[in-house]
Amino acid sequence: MRMLEQYKQQYLAGNIQFAIVDPNGKVLDCDQHVLPIAPGDSLPDFHPFFECITEISKGAEEEILLNCVHLPGKDSEVIADIHIHRKPEGLLVIIYDLSQHYNNYQAVAQARNESIIKEELIVLKNQELEEREKFKNTFIQNFSHELRNPLGSMLSITNLLGNTPLTSEQRQMIAFLKDSNQNLKLMLEDILSISMIATGRLALDQKVFDFHKFLELIRFTYSAKAEQKGLSFALEIDDKIPERLTGDRLRLYQVLTNLLDNALKYTEEGAIGLRISLNQRRANKVYLRFVVTDTGSGIAPESIPKVFESFSRADAPANVKGTGLGLPIVKGLLALMESEIQLHSSLGKGSEFYFDIALKYPLPSEEAAWLMESPATYTLPPWAKKGKKFKLLIVEDDEGIQTVLFKFLMDTGCFYIDLIYDGARVMEAVIQDQYDLIIMDVDLPNISGKQLTRLIRGLPMDPLKSIPILGLTARAYEQNLAGFRASGMDEVLTKPFENNTLLNTVFTLLK
Amino acid sequence: MQRSRKIVVLGHFGVGKTSLIRRFVEDTFSDNYKVSIGVHITKKVVVLNADDAVTFILWDLEGTDEMEQIRDAYLLGTHGVVFVFDVTRPSTFQNLIRDIEIVRQKIQGPPILVVGNKTDLIDLEKLEQQMLENTIPYDFLTSAKTGNEVEAVFLKLATLLNEDA
């Protein structure tokens with residue numbers, strides 16, 4: 001028993017201090033195991049924590065426990081639990097030195113809090129970056145949307161001007177204008193593509209297409225382009241590749257033309273080429289490798305990682321023009337196709353871009369349903385030539401587009417045309433006049449094209465409610481187009497459009 | 001006449017309560033974050049005018065996400081509260097009204113000043129606009145790092161306590 005008391009003294013007493021204090025905090029009696037205080041000392045003078053003694057002495061509580069209080073010890077800081085009991089002699093203050101325990105707890109709390117704060121700040125940083133990216137992409141989308149209307153007017157007016165009597169000098173100017181417009185249109189499409197890829201708004205449209213015919217178009221286009229630059233173009237196709245395949249023809253075309261245009265841009269002599277080989281054929285899929293080669297300037301090894309970044313034109317000579325978006329678009333489109341662009345390049349010798357993709361080959365039933373796409377050429381259908389004129393209503397608030405539409409359609413001699421600027425007047429006109437077709441801008445200022453279409457489709461009179469409606473929009477996203485069609489529009493064209501496409505669509509709807 | 005007033009400084013962890021007190025008491029600042037556990041108590045005399053001063057006994061409480069968890073014993077005899085949040089971390093002020101309500105239930109009567117700290121890390125004009133838009137009811141926006149508005153918080157509290165006395 002005595003031994004046990006000795007051990008308790010050894011291990012506990014050194015960590016516990018007892019003091020009796022009066023209501024003002026003056027020490028009446030104490031030991032000195034934890035804090036350097038002695039009878040007669042004032043606890044509030046020793047440390048401001050003990051100012052609470054006065055408050056406690058006034059209160060009704062029999063005892064109070066204050067945990068984890070930091071106090072100055074004999075040699076270093078003490079972290080203690082302070083237990084205060086009301087006693088007849090005054091207040092009994094018991095000080096438990098738990099420094100070791102609390103220091104261990106502090107280390108755990110430090111790690112936990114730091115980790116939580118770090119994680120929170122990472123989430124915030126990511127949110128901020130996402131918001132910036134979203135703002136950037138929305139800005140690009142809105143900006144390109146705004147550009148489409150004036151660009152559409154410029155393209156159409158240039159075409160119309162080209163059909164008027166001109167001097168040879170004026171013809172040259174028109175050719176230059178057309179060329180510039182076309183470049184502008186391509187750049188706009190590039191910017192739209194990259195922002196659509198970045199915002200995940202681009203979906204693949206998988207359809208059956210004639211793969212060999214598709215490559216023939218590329219052969220024809222790039223043989224001519226290469227020849228113009230004094231280069232040669234070689235296309236090699238593995239003849240084991242099936243003729244018809246299922247895939248997004250348009251996006252694959254975009255990938256290949258971006259790579260080939262890039263090859264052309266950076267090659268001053270020699271050749272560019274496209275090689276397509278069959279890696280393997282499994283189930284109903286073919287695994288193809290596409291390789292685009294050039295004998296151009298090549299890319300320095302340190303610049304290779306940069307070439308797929310937007311607006312980066314690694315090692316581009318000053319005379320090579322472009323937005324620097326071609327290769328990032330390729331990278332983004334291939335990612336959509338679950339593929340990845342690879343690059344081998346030697347400075348001064350040329351480059352080789354390649355990627356592997358899997359394309360399905362169609363089932364016999366799918367192949368039967370497949371229809372060859374016809375080129376968009378404009379010819380008046382025989383039934384339109386018999387002198388019958390159709391009555392069109394054009395609802396368009398943009399004066400430029402309105403003039404172009406009016407002049408072009410009137411020049412065909414097939415139409416009577418009414419023009420309305422204000423969407424609010426459409427219903428009145430539709431009810432009063434019997435139109436054969438309505439061409440409607442979907443982004444009208446007061447009432448949207450979708451709302452107007454729904455109103456027309458909701459009319460009780462049968463011939464009126466089924467008037468064909470052709471929507472015109474600058475919003476090229478697939479979900480927007482689907483929304484316009486869902487509202488009741490028969491067809492939607494994206495601005496800028498070719499005059500022939502417009503006329504073919506108009507006649508298709510009139511028939 | 002000099003009086004002692006117990007001021008409790010509380011809020012979520014990592015908002016800069018200790019730094020705020022250190023700036024006010026010692027006029028120093030350290031970028032190193034050391035988690036406070038339990039309670040640290042310091043003292044500072046606030047001079048209101050030539051004839052009047054008040055001694056603040058500043059209780060720097062361990063930060064917590066749940067105001068309900070603050071030990072009542074720490075709050076006994078409190079004369080004023082400084083509730084601190086971090087302007088860069090929404091989690092420390094997104095439930096501000098509820099947090100203040102809980103503190104008010106625990107300490108009935110004494111004034112509570114709400115302080116958004118770490119303004120040196122953020123555009124002050126944008127922050128004020130953001131606080132206004134999100135109806136965050138703060139009294140001061142401070143930076144313990146630069147010292148901006150720190151003194152003003154405690155002077156305001158001293159004035160409020162003086163008016164109540």
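Domain bounds here come from an automatic or database domain assignment. On that basis, chain A of this predicted model is divided into domain 1 (2–97), domain 2 (103–198), domain 3 (207–369) and domain 4 (382–510). The centres of domain 1 and domain 2 of chain A, taken over C-alpha atoms, are separated by 70 Å. A long separation can also be followed from residue to residue: Leu231(A) and Tyr102(A) are 129 residues apart in sequence, and their C-alpha atoms are 79 Å apart in space.

Leu231(A) makes a convenient stop on a walk through the chain. This residue is placed in the loop between α6 (211–228) and β7 (232–237) of chain A. Is Leu231(A) buried or exposed? With a relative accessibility of 8%, Leu231(A) counts as buried, because the limit for a buried residue is under 20% relative accessible area. Leaving aside residues up to four places away in sequence, Leu231(A) touches Ala226(A), Leu264(A), Thr267(A), Glu268(A), Glu269(A) and Gly270(A).

Further along chain A comes a hairpin. Strand β11 (residues 342–346) and strand β12 (residues 350–360) of chain A run antiparallel and are joined by five bridges. Across this pairing, Gln342(A) stands opposite Tyr354(A) in β12(A). Three residues lie between the strands of the hairpin, and Gly348(A) takes a positive phi near 85° there. The two faces of β11(A) can be told apart: Leu343(A) and Ser345(A) make up the covered face, while Gln342(A), His344(A) and Ser346(A) make up the uncovered one. Gln342(A), the residue opposite Tyr354(A), thus belongs to the uncovered face.

An open sheet of five strands is also found in chain A, with the order β14-β13-β15-β16-β17 and parallel pairing. Its edge strands are β14 (415–420) and β17 (491–494), each of which pairs on one side only. On average, and with direction ignored, neighbouring strands of this sheet are turned by 20° against each other. Strands of a sheet pair through backbone hydrogen bonds, either parallel or antiparallel.

Within this sheet, β13(A) can be followed to the partners on both of its sides. β13(A) pairs with β14(A) in the parallel sense over six bridges, and Val395(A) has Ile420(A) as its bridge partner in β14(A). Strand β13 (residues 390–395) also pairs with strand β15 (residues 437–441) of chain A, again in the parallel sense, over four bridges. Here Leu392(A) stands opposite Leu437(A) in β15(A). β13(A) is mostly covered, with five of its six residues buried. Towards the end of the chain, Leu510(A) is found in helix α15 (residues 499–510). Leu510(A) is buried at a relative accessible area of 15%, and its C-alpha atom is separated by 7.3 Å from that of Pro468(A), 42 residues apart along the chain.

Attention now turns to the contact between the chains. The size of an interface is often given as the accessible area lost when the parts come together. Chain A and chain B bury about 2300 Å² between them, 66% of it on carbon and sulfur atoms. In terms of residues, 28 of chain A are in contact with 25 of chain B.

Which residues form the salt bridge between the two chains? One salt bridge is counted between chain A and chain B, and in it the side chains of Arg89(B) and Glu120(A) meet at 3.5 Å, N to O. Glu120(A) lies in helix α4 (residues 99–162) of chain A and Arg89(B) in the loop between β4 (80–86) and α3 (96–106) of chain B, so the pair joins two chains. Both partners are covered: Glu120(A) is buried with a relative accessible area of 16%, and Arg89(B) is buried with 2%.

Over all chains, the count comes to 18 salt bridges. Among them, Glu491(A) and Arg485(A) meet at 3.2 Å, N to O. Glu491(A) is partly exposed at a relative accessible area of 27%, as is Arg485(A) at 34%. In chain B, Lys145(B) and Asp31(B) form a salt bridge at 3.6 Å, N to O. This pair links distant parts of the chain, 114 residues apart: Lys145(B) sits in the loop between β6 (140–141) and α5 (150–164), and Asp31(B) in the loop between α1 (17–26) and β2 (39–49). Lys145(B) counts as partly exposed at 38% relative accessibility, whereas Asp31(B) counts as exposed at 59%. Finally, salt bridges that share partners join Glu120(A), Asp86(B), Arg89(B) and Lys118(B) into one network.

Note on methods: Residues numbered from 1 in each chain as written. Chains lettered and ligands numbered in written order. Predicted model: local features only at pLDDT ≥ 70, side-chain atom pairs only at ≥ 80, totals over all residues. Heavy atoms only, no water. Buried < 20%, exposed > 50% of the residue type's maximum accessible area, 1.4 Å probe, protein only. Contact = heavy atoms within 4.5 Å. Pairing = 2+ DSSP bridges. Axes fitted to C-alpha atoms, helices over the stretch in contact; angles between N-to-C directions. Buried area = accessible area lost by both parts, 1.4 Å probe. Salt bridge = Lys/Arg side-chain N within 4 Å of Asp/Glu carboxyl O.
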